[in-house]
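Student: Could you take me through one part of this model up close, and then tie that part to the rest of the chain? I work with coordinates all day, so please spell out the cut-offs.

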Amino acid sequence: MEILLGLIAVVLIGGYVWYVTLIGRRNRALEALSSIDVQLRKRHDLIPNVLKIAQRFMEHEKELLTEVTELRANAMLDYDKSDPAAVKNHIESERQLQSGMMRFFATAEAYPELRSAETMVNAQETYSEVEGHISAARRFYNAAVTDLNNSVQIFPGSLIANLAGVLPMPFYEIEEAARAPVDASDFLK
């Protein structure tokens, strides 16, 4: 009888420790997601200034400026951080905004007076710095999500996660175009 009670106690204590670990990992992933949001807010705050500067020079690019503005508005929408589907939609909105900004900066290269404007150069440098911070926050988030997802998907964590309502979270991955190799000949023309 004592052995049975001891075994039950070990199982209960082990289950509780696993539960605490799952909740800690979920909270670490949510904290990392919040860190990304702080950096994304900096990006969102910078974009209107960049667009205002460019608008003076890019008279024929109103459609692109409008598109980037709409992408920013969509990316700034609130979402439920505890809902993996909402997080995934938010990540996709941010990916689209990043892609729009890449197109914007590529288009801006065709305007020599814009490229040489000191305010635009400073804005581009600041934007690059913010993108670096976003990248670092994304690495931290993805590491936390890996730990969480491993705990949620591997037995007996999967059982405990189901009981506790802990779901795997999506990774914050970069756009496929950004993974493509860079062709240096494009820059040497």
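Student: Where is the place of Pro 156?

Tutor: Pro 156 sits in the loop between H5 and H6. The peptide bond leading into it from Phe 155 is cis, with omega near 5 degrees. Before we go on, some ground rules: this is a predicted model, in which local features need pLDDT of at least 70, side-chain atom pairs count only at pLDDT 80 or more, and totals for chains, interfaces and linings use all residues. Residues are numbered from 1 along each chain as its sequence is written, and side-chain values use heavy atoms, with hydrogens and water left out.

Now the elements on either side of that loop. Helices here are DSSP runs of H or I with at least four residues, strands are runs of E with at least two, and both are numbered from the N terminus. By that count the protein has seven helices and zero strands, so in sequence order the pattern reads α-α-α-α-α-α-α. H5 covers 118-153 and H6 covers 157-164, and both give two or more residues to the largest nonpolar core, as do H1 (2-55) and H3 (84-108). That core has 24 residues, and H5 supplies its largest share, eight of them. A nonpolar core is a set of buried Ala, Val, Leu, Ile, Met, Phe, Trp, Tyr and Cys residues joined through side-chain atoms within 4.5 Å. Buried means under 20% relative accessible area, exposed means over 50%, and partly exposed is in between (1.4 Å probe, protein chains only).

Val 87, Tyr 141 and Met 169 have the most contacts inside this core. If contact means heavy atoms within 4.5 Å, and we skip neighbours within four places in sequence, then Met 169 touches residues including Ala 29, Leu 33, Val 87, Tyr 141 and Leu 148. Apart from this core lies another one, of 23 residues, among them Val 50, Ile 53, Ala 108 and Ala 123. As a general point, nonpolar side chains in soluble globular proteins tend to be buried together.

For a buried side chain, try Met 101 in H3: it counts as buried because its relative accessibility is 0%. Beyond its neighbours within four places in sequence, Met 101 is in contact with Ile 47, Val 50, Val 68 and Tyr 127. Met 101 and Tyr 127 are 26 residues apart in sequence, with 9.7 Å between their C-alpha atoms.

Back on H5, we find His 133. His 133 is partly exposed because its relative accessible area is 37%. Its C-alpha is 8.4 Å from that of Ile 36, although the two are 97 residues apart along the chain. Over on H1 there's Arg 41, which counts as partly exposed because its relative accessibility is 39%.

Zooming out, residues 24 or more positions apart account for 77% of the contacts with a separation of 6 or more. The C-alpha trace spans about 85 × 35 × 25 Å along its principal axes, and buried residues make up 35% of the 189.
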